[in-house]
Amino acid sequence: MDMNVTLGSGEGFGQQLDHWYTFLVDDLSDKRTTDLPFLHSPLWPLSILTIYFTLVFYWIPNYMSNRKPYDLRTLMIGYNVFQVVVCYCLIRQLVVHGWTFRYLYTCEVTDYSGGEKAIGFLHAGYLNYLVKMVELSETVMFALRKKRNQISFLHVYHHVFTYLLAWIFAKYVGGSMLTYTIVVNSMVHMCMYSYYLMAVIPDRMPFRLDKLKPYITAIQIIQLVSILVNLLFALRTDCDVPRMHILLYMPYMVVLITMFVNFYLKTYRSAFSKAMGACYTDGGLKSKAD
């Protein structure tokens, strides 16, 4: 890759910005992603997040101010089923193209060729990006159901930064040992969304779901810690995994782990008490206070 982006002294500020934009968006990117929808320009994630924040924090609250909450049970059932299926597809996409659990600790770099395995990993990264974009709709559903207590800082922080990092990964990385995140996250999400599906139809379950809530959050925390371990393995000096993505990802993971642990302690320390509220769940479980 040509790193020579030296700017002439006679160039105007607009030309300099154009040089830097071309360098950052085009020259550094994975050229195989050029024609993939919603990916090439950073204007896509910025526009989608602008719409997201406008809907969730301005338009929907104003629209719903004098209206009753929407009953989105059918939509939530379909959404949770979709998540379980698409997470399975993500895992399968990577495994059939050679992914194994050695990607947790073994230095595996991105293959930027047009080979079958390389393209398989690229498509998995892109599908993961699309899934994270769809997950933003969970906050919209909370807003339409007037579940303001579930639109927490943890919820918004998690979804927004996961989406942005998924865009960066799909556009610039497209493979490597960092695909461990996609697999382990998809495994956990299959469990989570299955649980959320049951939470939408608790009257049809032969058992109570309350006791499962702490374990769902604990599984999320274990997942996050394992991803951090994967990033630390990728930081080895002899491993040529894109450093910039790791340096962006690691602070996010540290903050997220801290927030999840804090949530777990505040919500479940007294435990498994009957007074505990709803688990951090995008499936819509009601707390005792609802």
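## Fold layout

Reading from the N terminus, the elements go α-α-α-α-α-α-α-α-α. That's nine helices and zero strands for the protein. Keep in mind that this is a predicted model.

## Burial, surface and contacts

Of the 290 residues in the protein, 47% count as buried. The accessible surface adds up to about 15000 Å², and carbon and sulfur atoms own 66% of that.

How do the contacts spread along the chain? Take those between residues at least 6 apart in sequence: 79% of them join residues at least 24 apart.

## Where α4 meets α5

Two packed helices get described by the angle between their axes and the distance between the axes. For helix α4 (residues 116-135) and helix α5 (residues 137-144), the angle is about 10 degrees and the axes sit 5 Å apart. Angles under 35 degrees count as roughly parallel, so α4 and α5 are roughly parallel to each other.

Which residues make the contact? On the α4 side they are M133, V134 and E135, and on the α5 side S137, E138 and T139.

## A nonpolar patch

Over on the surface, Y105, V225, V229 and F233 make a nonpolar patch of about 320 Å². One of these residues, V229, belongs to helix α8, which covers residues 213-234.

Is V229 buried, exposed or partly exposed? Its relative accessibility is 33%. Buried means under 20% and exposed means over 50%, with partly exposed in between, so V229 counts as partly exposed. Patch residues need over 30% relative accessible area, and V229 comes in at 33%.

Methods:
Residues are numbered from 1 along each chain as its sequence is written. This is a predicted model: local features need pLDDT of at least 70, side-chain atom pairs count only at pLDDT 80 or more; totals for chains, interfaces and linings use all residues. Side-chain values use heavy atoms; hydrogens and water are left out. Patches are made of residues with over 30% relative accessible area and no salt bridge: like charges are joined within 9 Å, nonpolar side chains (Val, Leu, Ile, Met, Phe, Trp, Tyr) within 5 Å. Accessible areas come from the Shrake-Rupley method with a 1.4 Å probe; for residues, only the protein chains shown count as cover. A salt bridge is a side-chain nitrogen of Lys or Arg within 4 Å of a carboxyl oxygen of Asp or Glu. Helices (H or I, at least four residues) and strands (E, at least two) are DSSP runs, numbered from the N terminus. Buried means under 20% relative accessible area, exposed over 50%, partly exposed in between (1.4 Å probe, protein chains only). Contact means heavy atoms within 4.5 Å. Axes are lines fitted to C-alpha atoms, for helices over the stretch in contact, and angles run from 0 to 180 degrees between N-to-C directions. Angles under 35 degrees count as roughly parallel, over 145 as roughly antiparallel, 65 to 115 as roughly perpendicular and the rest as oblique.
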